[in-house]
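Please look through the sequence and the structure shown here before reading on. The report below describes the surroundings of the ligand, then the open and closed spaces in the protein, and then a pair of strands.

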Amino acid sequence: MRAIAADLAELDRMVTGCRACPRLVAWREEVATVKRAAFADQEYWGRPVPGFGPADAALAIVGLAPAAHGANRTGRMFTGDRSGDVLYAALHAVGLANQPTSVSASDGLRLHGTRITAPVRCAPPANKPTPLERDTCRHWLSQELALLRPTLRAIVVLGAFGWQALLPVLTPTWQVPTPRPRFTHAALVTLPAPEGPPLHLFGSYHVSQQNTFTGRLTPAMLEAVLLEAKEAAGL
Ligand code: SF4
């Protein structure tokens, strides 16, 4: 039987000790040992990465999984890589972060009413978790959203993988229509709740270099989605 965390601080502690996926445990630890030459003098985190942001967040941002030399190195979501550079610059531009950069877990970055998390907490080879790994990790996100439920009003999902992984986690707290809503950039779906306020679900292309270097996702496009989500969350 799975342990249930009493609060987000406990959940964050529990998730960092998880070893449920043998392939991902082996990969995250190998990357942390071999390292990239540019970071050879640094100690890598090399463990699952917990969510980042306040426990009373009204807005959540859901990505894919930690990057091997980004969050798997620094121990904080989207910290220390190019994807994070784009995301945190946009969060700062719309007033959701106190600074535009995110380089290490001790850099003083704070988020306003926003928590960043992912459906898979360990860096996967080639950024591709298997369906089994995605499903094995689901209960961490499920617990995190349950703990955020009293204040959570909106979620921005970065990319189709996160969208597909998130939808099963949202029920039964919120009602997801059938057929399930499809991921698109700037998608907005409002999910009613049997009890309490609804959830506003937004889609954005992922902040991966594949999208940002090609112009598929521009800073203006990302900021537009974040601004709408901020307003929907009442921030
Ligand atoms: Fe545990 Fe999730 Fe990492 Fe798998 S991906 S080992 S379930 S934290």
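## The ligand and its surroundings

Sorted by class, the shell around the ligand holds nine nonpolar residues, one polar residue and one charged residue, where Ala, Val, Leu, Ile, Met, Phe, Trp, Tyr, Cys and Pro count as nonpolar, Asp, Glu, Lys and Arg as charged, and the others, Gly among them, as polar. This is a predicted model, in which local features need pLDDT of at least 70 and side-chain atom pairs count only at pLDDT 80 or more, while totals for chains, interfaces and linings use all residues. Residues are numbered from 1 along each chain as its sequence is written, and side-chain values use heavy atoms, with hydrogens and water left out.

The residues that surround the ligand (a heavy atom within 4 Å of it) are C18, A20, C21, L24, P48, V120, R121, C122, T136, C137 and W140. Helix α5, residues 131–148, gives the most to this shell, with three residues; helices (H or I, at least four residues) and strands (E, at least two) are DSSP runs, numbered from the N terminus.

## Cavity and pocket

The ligand takes up the space of the largest cavity. On a 1 Å grid over the protein atoms alone, a cavity is a set of points where a 1.4 Å probe fits but cannot get out, whereas a pocket is an open set with protein on both sides within 12 Å along at least five of seven lines, and lining residues have an atom within 4 Å of a point. A molecule sits in such a space if more than half of its atoms lie within 2 Å of its grid points. Grid points are joined across faces, edges and corners, and a volume is the space filled by probe spheres set on the points.

| Space | Volume |
|---|---|
| Largest pocket | about 760 Å³ |
| Largest cavity | about 110 Å³ |

Of the 16 residues lining the largest cavity, C18, A20, C21, C122 and C137 are the closest to its centre, and α5 provides the largest share of this lining, five residues. The largest pocket is lined by 15 nonpolar, 13 polar and four charged residues.

## A pair of strands

Along strand β4 (residues 188–191), V189 and L191 point to one face and are buried (under 20% relative accessible area, 1.4 Å probe, protein chains only), while L188 and T190 point to the other face and are not buried. Strand β4 pairs with strand β5 (residues 199–204) in the antiparallel sense over four bridges, pairing being counted if DSSP finds at least two bridges between two strands. L191 has L199 of β5 as its bridge partner.

Key: Buried < 20%, exposed > 50% of the residue type's maximum accessible area, 1.4 Å probe, protein only.
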